[in-house]
Amino acid sequence: MQTRKLGKDLTVSAIGLGCMGMSHAYGGQDEAASIKTLHRAVDIGVNFFDTAEVYGPFVNEELVGKALKPYRDQVVIATKFGFRIDTARAQQSAMTGLDSRPEHVREVAEASLKRLGVEVIGLFYQHRVDPDVPIEETVGAMADLVKEGKVKALGLSEASADIVRRAHAVHPISALQSEYSLWTRDPEGDVLDTCRELGIGFVPFSPLGRGFLTGKITSTADFGAQDFRANLPRFEADNMKANLALVKLVEDMASEKGITAAQLALAWVLAKGDFIVPIPGARKIPNLEQNAGAADVVLTMEEVAKLDDMLAPEKIAGARYAAQALAWTPKR
Ligand SMILES: NC(=O)c1ccc[n+]([C@@H]2O[C@H](COP(=O)([O-])OP(=O)(O)OC[C@H]3O[C@@H](n4cnc5c(N)ncnc54)[C@H](OP(=O)(O)O)[C@@H]3O)[C@@H](O)[C@H]2O)c1
């Protein structure tokens, strides 16, 4: 697969693999199947893997570390810190607040190194900006980990343009990871412009709209009991119905091009800049392989503009997160 650069120091496959769903958020986990998917990803040239302390919590890092052990030197594993975690609670509800105090940054890094079974974390992100800790203090602590050789590169997630700038002044930031897809345009404008200007890579998470933009989710009945999408405003029955009409347009355009809706959605984010590296989540090998194929899809400027309009923000029904999680994202 073609590669792209994130900041100065990381060269990664143009499409990475989001590993969250293998242990978290969407239910129906199957560790053995996920390990096969992770190995297949390496086989087809994916070398950029995304996890976080909070996925599981903890078990996703262990799974990714275990599966990628034979390939440690060939891959970039990104992980994230920054939540207060109550281990007595399960999954989403285990996140009880934010914590980016320098001492906590270090604690999580040490624990993540152990769970991943690596000597260096390839990319270490702050998962959410902590309003109680100046970003300079957090990035200072992250930079100390780079100096000590425990972390190779630094990232932020869901940070505003101003925070990115302040962080980058303390230590080079290699990547900003935020939700970005055909139906979530929040980073367009100041955030993407700042990344482009400062030479910071941009990593869109949920680039398939948590699966919705593939056209394969058509009803809330598609969600199992552990699937947190059932609680997201965009997936409520009335909103989903309105959003499905838009996805049908994406499917129609994809089929005219002889590709899938998932590939069209990924080709669209890739077309937004060569500093952009999406991390679609896929537990199933056919989904992984299909998504990797999007790296070869070329869109014309007219096609990109058509998609921009087709799913313009004012046409999307429902917020991307429920209230609590939305409060942890940048204010606009
Ligand atoms: N920084 C953050 O706060 C944050 C938040 C959310 C996610 N993330 C990261 O971003 C990654 C990706 O996001 P995501 O998993 O939320 O959403 P996503 O990538 O938009 O969608 C993943 C969903 O789409 C399905 N899928 C994937 N490829 C498909 C295809 N070709 N056809 C049909 N269905 C397909 C997957 O199914 P299967 O899994 O069953 O194959 C899964 O249910 C996560 O894994 C995580 O690493 C970060």
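Visitor: Let's start with the ligand: which residues are closest to it?
Guide: You're looking at a predicted model, where local features need pLDDT of at least 70, side-chain atom pairs count only at pLDDT 80 or more, and totals for chains, interfaces and linings use all residues. Residues are numbered from 1 along each chain as its sequence is written, and side-chain values use heavy atoms, with hydrogens and water left out. If a residue is near the ligand when one of its heavy atoms lies within 4 Å of it, 32 residues surround the ligand. The closest are Tyr26, Asp50, Leu208, Gly281 and Lys284.

Visitor: Which helix gives the largest share of that shell?
Guide: Helices here are DSSP runs of H or I with at least four residues, strands are runs of E with at least two, and both are numbered from the N terminus. Three residues make up the largest share of the shell, and they come from helix α9 (residues 285–293).

Visitor: How far is an oxygen atom of the ligand from the side chain of Tyr26?
Guide: A polar contact is a pair of N or O atoms within 3.5 Å; within protein, one must be able to donate a hydrogen and the other to accept it, and residues adjacent in sequence count only if both atoms are side-chain atoms. A polar backbone atom of Cys19 is 3.3 Å from a ligand oxygen, and a polar side-chain atom of His127 also lies 3.3 Å from a ligand oxygen. For an N or O atom in the side chain of Tyr26, the distance is 2.4 Å.

Visitor: What ring does the charged end of Arg229 sit over?
Guide: The test asks for NZ of Lys or CZ of Arg within 6 Å of the ring centre and within 35 degrees of the ring normal. Arg234 has its charged end over the ring of Trp183, 4.7 Å from the centre. For Arg229 the distance is 4.2 Å, and the ring belongs to Tyr26.

Visitor: What is the angle between the planes of Tyr180 and Trp268?
Guide: Rings of Phe, Tyr and Trp (its six-membered ring) pair if their centres lie within 6.5 Å; planes under 30 degrees apart are stacked, over 60 edge-to-face, and the rest tilted. The structure holds nine such pairs. Tyr180 and Trp268 form a tilted one, 5.3 Å centre to centre, and the angle is 50°.

Visitor: How many residues apart are Tyr180 and Trp268?
Guide: Both rings are buried, meaning under 20% relative accessible area, with exposed over 50% and partly exposed in between (1.4 Å probe, protein chains only). Tyr180 lies in the loop between β10 (175–179) and α6 (190–198), while Trp268 lies in helix α8 (residues 261–270). That pair links distant parts of the chain, and the separation is 88 residues.

Visitor: Is Phe58 buried or partly exposed?
Guide: Phe58 lies in the loop between β4 and α2, and has a positive phi of about 75° although it isn't a glycine. In that loop there's also Pro57, whose peptide bond from Gly56 is cis, with omega near -5°. At 23% relative accessibility, Phe58 counts as partly exposed.

Visitor: What relative accessible area does Arg210 have?
Guide: Arg210 is found in the loop between β11 and α7. Its phi is near 55°, a positive value in a residue other than glycine. Arg210 is buried, with a relative accessible area of 7%.
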